[in-house]
Structure formats: C-alpha cells, structure tokens
Amino acid sequence: MGRNRHGPVHIPVGMANLESTSVVVIPLASALSVALTAHTAFNLTKLRSPHWNGNEITEKVSVLIPARNEETHIALTIESIRNQIGLTNFEIIILDDQSTDSTAAIVQQLAQSDSRITLVSNTTNPPEGWLGKPHACELLSKKATGSVLVFVDADVSFEPQAIAACIELMRDKEFGLVAPYPQQLADSTIERLVQPLVIWSWATTMPLRIAERSTRPSLSAANGQFLVFDSHSYTAAGGHASVSGQVLEDIALMRSLKRVGSQCVTVNGSELAHCRMYENAKELTDGYTKSLWNAFGSPVGSIAVNSLLAFAYLVPPAAMIASRKKSHRLAGAVGYFAGVTGRALVAKKTGSKVLPDSLAHPVSIAIFIGLNAVSWSRHLRGTNTWKGRVL
C-alpha cells in the first residue's frame with residue numbers, strides 16, 4: 001500500500017501477485033535464452049563441416065535412393081550423384097516404391113546410358129509393423145554391395161565432393177555413421193519461419209563434441225535426407241529393420257548404432273547438399289505433423305519441451321512489448337535479442353537467411369508449438385498421412 005495526496009492507493013491482490021511473479025519469471029526466462037544462445041555459440045565452434053582433401057575413395061560405395069512419386073526431382077538427384085568426384089567405384093540403386101507418376105520411367109531411361117544405375121521396383125505394401133520409408137530402405141540395403149552405404153532422399157541435390165568428404169571423415173575418425181544436415185532451402189514465408197528450426201534445435205540443445213564421443217542414444221540427431229554408414233556398423237545395429245515402425249527413422253537409426261557401441265557424428269552439410277522439403281503451407285504442415293508427435297518420446301515429453309521453448313523464447317518478447325515496468329521490458333529485450341542472436345548464428349553457419357528472418361524467431365517458435373499440437377491431434381485421431389499412406 002502506498003500514499004498520495006488523495007489518500008491510500010490500494011493495489012489489487014491479483015495485480016500484486018502478477019507483478020511479484022513477473023519479477024522472477026521474466027529474468028529467469030531471459031537468463032535461459034541467454035544461456036542457450038551461449039551454448040549455441042560454443043557448439044558451432046565444434047560443429048564439423050566435412051571437406052574432401054583430394055584422396056580418392058577406393059572402396060565400393062552404394063548410393064541408395066527410395067523414391068515414391070518423385071518425377072519432379074529424381075533426375076536432378078541422380079545427376080548430382082553421377083557427378084560425384086573422388087569415388088572410384090560406386091553404384092546407384094533406386095527403389096521405385098509404388099509410384100503412380102513417371103518416376104520409374106525416368107530412372108529406367110537414365111539407367112540405359114549408365115551401368116552404375118539400377119532400378120528396383122517394389123509392388124507390395126509395407127508388411128504389418130513397417131512404415132513405408134524404412135521398408136523401402138531395408139529393401140535397398142539388401143541389394144547393396146558396397147562397404148559404405150549412402151542413403152539419400154530423392155529430392156536432394158549434391159555438390160561434387162559431398163560423398164567423398166563424408167566417407168573420408170567417417171574413415172578418419174572411425175565413425176559408424178556420418179549424418180550431414182543439408183542446407184534447407186526456403187522460399188515462402190512459412191518455410192523461412194519454420195525450416196531453419198530443424199538445424200537450430202539440435203545446434204542449440206545437443207552438446208556436439210560430447211555426442212560424437214558418446215554412445216548414449218539420447219544424444220542423437222540425424223536427417224534421413226543424407227546418411228553415410230559403414231556397412232558393418234549398419235548391419236550390426238539391425239539396419240532399417242531395427243526401426244521398422246519409426247516415423248523418425250533417421251534419429252532412431254543413429255540410436256540403434258549407438259546401442260551397439262558405434263560412434264556417430266552429426267555434421268554441417270550445408271556446403272555438401274541442399275534440399276527444398278516443402279513448397280507451400282499445406283506440405284509443410286503435413287510434413288511436420290506426421291512426425292512431431294514422436295519427436296519427444298511421449299505427450300509428457302512434448303509438453304515439457306514446448307513449455308520450455310515458450311518460456312525461453314516467448315516470455316521475453318512478450319515482456320518487452322507488454323510489461324508496464326521498464327526493468328521488465330529491459331529484461332525481456334535481453335532475452336529476445338539473445339534468441340535472435342542464437343538463430344542468426346546458426347543461420348550464418350548453415351547457409352540460411354540471417355535477416356530479417358532471425359528477428360521473427362518468437363513467431364517461428366509459436367508456429368512450431370502449434371504444429372506440435374496439430375501433430376498430436378492428428379496422431380490421436382489416426383489422420384496423419386504421408387504420400388498417400390496412413391502413419
């Protein structure tokens with residue numbers, strides 16, 4: 001209670017409680033944002049970016065591509081693989097997974113002029129307990145003859161040294177798996193808001209050098225667009241059969257390898273490959289909601305992670321804009337710009353657009369939380385689908 005010339009001023013109890021809570025919450029949220037950005041900055045100094053040193057790779061390499069209705073991209077992907085340098089002996093095996101477009105015809109035409117290309121057709125639905133992509137990749141692995149297995153998606157384009165650089169790193173450091181994250185191309189507003197979060201998330205939260213030395217499955221991050229395996233490590237972990245029903249089969253594969261003692265590494269692949277995953281809001285929503293429900297292990301895990309994201313990256317900008325106290329606005333501004341800085345550092349390192357996109361980081365986080373909610377809703381109702389198949 002305070003006084004002025006007109007007598008006592010009574011502060012409503014609810015307002016007083018809100019102000020006292022804000023005194024603690026806002027600085028804590030901003031401090032968390034600052035701490036996460038500090039970790040991001042340190043992490044990026046440890047993030048490996050494979051480079052080929054010019055030595056030829058003499059072992060047999062199998063490049064394996066599952067393809068389902070990929071007529072728009074498949075020829076460009078195959079051509080970028082055909083143009084790989086530093087590989088003296090490699091094969092390209094494409095599995096046409098019940099495509100209803102001209103994917104198979106395009107591959108067959110390319111195979112006629114290049115003996116390294118083989119087309120395999122799958123005419124049956126995945127067995128019970130299997131999802132489409134793990135099943136397709138398992139079939140491909142059975143056809144492979146290389147000591148290195150390179151799984152790539154049919155919409156990824158590769159720089160000429162990409163595969164040789166990853167194999168060189170794998171052999172030099174004796175990794176069982178090298179998992180590069182290709183540059184994620186984004187043109188539309190929704191893509192630019194959401195796609196950079198793919199790399200930002202693990203660059204911010206996972207201690208990279210600890211993760212590559214550790215066989216703890218929880219310290220895993222991988223992108224199925226581009227995975228380079230030692231074939232013996234892949235087989236020892238059970239291959240794609242060990243992740244047959246996993247929506248996020250890429251991360252699950254790395255965890256499988258770690259469980260059998262293989263060391264694995266997540267690397268910056270932005271100078272090696274690039275991919276535009278989605279071209280509009282519907283594709284992006286469907287793509288994320290098919291798997292986000294499974295990203296954090298359980299509903300409790302999802303709630304915990306999304307609450308943490310909201311606390312660190314939504315509370316500070318909200319305080320900066322709406323708080324009545326200057327000290328709260330200042331604390332909020334510190335947290336907001338810390339989040340923006342972390343986002344910008346990752347964008348600069350991995351070839352994404354830095355400005356003005358990084359300034360909208362709170363909007364990106366809010367959309368991501370919304371996608372998580374939609375994903376769980378669709379999963380619980382059994383309406384999640386991908387490429388015409390129910391997940």
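**Group meeting: a walk through the predicted model**

I would like to begin at the surface, where V23, V24 and L28 form a nonpolar patch whose accessible area comes to about 260 Å² together. A patch here is built from residues with over 30% relative accessible area and no salt bridge, with nonpolar side chains (Val, Leu, Ile, Met, Phe, Trp, Tyr) joined within 5 Å and like charges joined within 9 Å, and the areas themselves come from the Shrake-Rupley method with a 1.4 Å probe, with only the protein chains shown counting as cover for residues.

Before going further, please keep in mind that this is a predicted model, in which local features need pLDDT of at least 70 and side-chain atom pairs count only at pLDDT 80 or more, while totals for chains, interfaces and linings use all residues. Residues are numbered from 1 along each chain as its sequence is written, and side-chain values use heavy atoms, with hydrogens and water left out.

Returning to the patch, V23 is found in helix α1, which covers residues 13–46; helices (H or I, at least four residues) and strands (E, at least two) are DSSP runs, numbered from the N terminus. V23 counts as partly exposed because its relative accessibility is 45%, given that buried means under 20% relative accessible area, exposed means over 50%, and partly exposed lies in between (1.4 Å probe, protein chains only).

Let me now turn to the interior. The largest nonpolar core has 39 residues, and those with the most contacts inside it are V61, I65, I94, V150, V178, F226 and V228. The largest share of this core, eight residues, is supplied by helix α5, residues 162–173. By a nonpolar core I mean a set of buried Ala, Val, Leu, Ile, Met, Phe, Trp, Tyr and Cys residues joined through side-chain atoms within 4.5 Å. If we take V228 and set aside residues up to four places away in sequence, we find that V228 touches V148, L149, V150, C166, I167, M170, G176, L177 and V178, where a contact means heavy atoms within 4.5 Å. Apart from this core lies another one, of 28 residues, with W202, M206, L219 and Y278 among them.

Two loop residues deserve a closer look. L87, in the loop between α2 (74–82) and β4 (90–97), is buried, with a relative accessible area of 11%. Leaving aside neighbours within four places in sequence, L87 is in contact with I57, V61, I163, A164 and I167, and its C-alpha lies 8.1 Å from that of E59, although the two are 28 residues apart in sequence. A144, in turn, lies in the loop between α4 (132–143) and β6 (148–152), and at 18% relative accessibility A144 also counts as buried. With the same neighbours left aside, that is, those within four places in sequence, A144 is in contact with S62, L64, E91, I93 and L149.

Next come two helices in the later part of the chain. For helix α14, residues 326–350, the expected span is 36 Å, because it has 25 residues at 1.5 Å a residue, and its end C-alpha atoms are indeed 36 Å apart; the expected span is 1.5 Å times one less than the number of residues. Just after α14, G351 takes a positive phi of about 85°. Helix α15, residues 361–381, reaches 30 Å from its first C-alpha to its last, and its buried residues include H361, I365, F368, L371 and W376. What covers the buried residues of α15 includes α6, α7, α11, α12, α13 and α14. Just after α15, G382 takes a positive phi of about 70°.

Finally, which contacts between charged side chains does the model hold? The structure has 17 salt bridges, each being a side-chain nitrogen of Lys or Arg within 4 Å of a carboxyl oxygen of Asp or Glu. One of them joins K133 and E249, with the closest N and O atoms 3.5 Å apart; K133 lies in helix α4 and E249 in helix α10, so the pair ties together parts that are 116 residues apart in sequence. K133 is partly exposed at 27% relative accessibility, whereas E249 is buried at 6%. Another bridge brings together the side chains of D286 and R378, at 2.9 Å from N to O. That pair links distant parts of the chain, with D286 in helix α11 and R378 in helix α15, 92 residues apart. D286 counts as buried at 17% relative accessibility, and R378 is partly exposed at 21%. Salt bridges that share partners also join E79, R82, D114 and R116 into one network.
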